[in-house]
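Visitor: Please take a close look at one part of this model, and then set that part in the context of the remaining chain. A connected account with the supporting values would be welcome.

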Amino acid sequence: MRSSTVCRGPDGLIQASWVSSVVLQKELEAFKARVRETEEEAEKLKELQNEVEKQMTMSPPPGNAGPVITSTEEQTEADAPSICVGNVDYGATAEELEAHFHGCGSVNRVTIFCDKFSGRPKGFAYTEFSNSQ
């Protein structure tokens, strides 16, 4: 069985082409199969996304082992054993700053702030001590 397809050509005139209905049927079935595959893949992706969202809500964010600080008093208490140092020499190292502040108490960590694009120090550092005294 044949069917005709009517369309306008580049010259604007109506053109008719005869195409076998078997060819059209095969193309239609192939298209339907691709649609089904795409829908199945979309469903699998939704399931994976739901699983990831469940895992994210059940576990604390990575690198956050401590409790979430909510009040101003708790924030002040958490920041008490730390200082922010300005006017730090651009050539200074974390070890040099740790040695400098060792007389003030046991130093847990020294972080020198750097520009994220160039990687050069900004002239500021964050020093965290073991206790607030």
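**A glutamate in its setting**

Guide: Glu-37 counts as exposed because its relative accessibility is 52%, and the class of exposed residues begins over 50%. The model under discussion is predicted. Glu-37 belongs to helix 1, which covers residues 21-58. On the surface, Glu-37 joins Glu-39, Glu-40 and Glu-41 in a patch of negative charge. A residue enters such a patch with over 30% relative accessible area and no salt bridge, so Glu-37, at 52%, satisfies the accessibility condition.

The helix that carries Glu-37 is one element of a fold with three helices and five strands. Read from the N terminus, the order of elements is β-β-α-α-β-α-β-β. Of the 133 residues in the protein, 11% are buried.

Two of the buried positions are the partners of an aromatic pair. The whole structure holds one such pair: Phe-101 and Phe-129, arranged edge-to-face, with 6.4 Å between the ring centres and 80 degrees between the planes. The angle explains the label, because planes over 60 degrees apart count as edge-to-face. Phe-101 lies in helix 3 (residues 94-101) and Phe-129 in strand 5 (residues 121-129), so the pair ties together parts that stand 28 residues apart in sequence. Phe-101 is classed as buried because its relative accessibility is 12%, and Phe-129 is likewise classed as buried, at 10%; the limit for this class is under 20%.

Helix 3 and strand 5 can be followed further through other residues. Glu-98 is placed in helix 3, and its relative accessibility of 36% makes it partly exposed. The C-alpha atom of Glu-98 is 7.9 Å from that of Thr-127, although 29 residues separate the two in sequence. Phe-129 also has a C-alpha separation of 8.4 Å from Ile-83, a residue 46 positions away along the chain. Ile-83 sits in strand 3, residues 82-85. With a relative accessible area of 33%, Ile-83 is partly exposed, whereas Phe-129 is buried.

Beyond strand 3 comes the loop that leads to helix 3, and Asn-87 is found there. Asn-87 is exposed, as its relative accessible area is 77%. The backbone at Asn-87 has a phi near 60 degrees, which is positive in a residue other than glycine. Most residues other than glycine have a negative phi.

Strand 5 also takes part in a charged contact. The count of salt bridges comes to one. Its partners are Arg-109 and Glu-128, whose side chains meet at 2.5 Å, N to O. The contact qualifies because a side-chain nitrogen within 4 Å of a carboxyl oxygen meets the criterion. Arg-109 is in strand 4 (residues 107-114) and Glu-128 in strand 5, so that distant parts of the chain, 19 residues apart, are linked. Arg-109 is partly exposed, on account of a relative accessibility of 45%.

To return to the starting point, Glu-37 lies in helix 1 and shares its patch of negative charge with Glu-39, Glu-40 and Glu-41. The salt bridge, by comparison, joins Arg-109 to Glu-128, and the aromatic pair joins Phe-101 to Phe-129.

Terms used
Residues are numbered from 1 along each chain as its sequence is written. This is a predicted model: local features need pLDDT of at least 70, side-chain atom pairs count only at pLDDT 80 or more; totals for chains, interfaces and linings use all residues. Side-chain values use heavy atoms; hydrogens and water are left out. Patches are made of residues with over 30% relative accessible area and no salt bridge: like charges are joined within 9 Å, nonpolar side chains (Val, Leu, Ile, Met, Phe, Trp, Tyr) within 5 Å. Accessible areas come from the Shrake-Rupley method with a 1.4 Å probe; for residues, only the protein chains shown count as cover. Lys and Arg count as positive and Asp and Glu as negative; His and the chain ends are not counted. The place of a charge is taken as NZ of Lys, CZ of Arg, CG of Asp or CD of Glu. Helices (H or I, at least four residues) and strands (E, at least two) are DSSP runs, numbered from the N terminus. Buried means under 20% relative accessible area, exposed over 50%, partly exposed in between (1.4 Å probe, protein chains only). Rings of Phe, Tyr and Trp (its six-membered ring) pair if their centres lie within 6.5 Å; planes under 30 degrees apart count as stacked, over 60 as edge-to-face and the rest as tilted.
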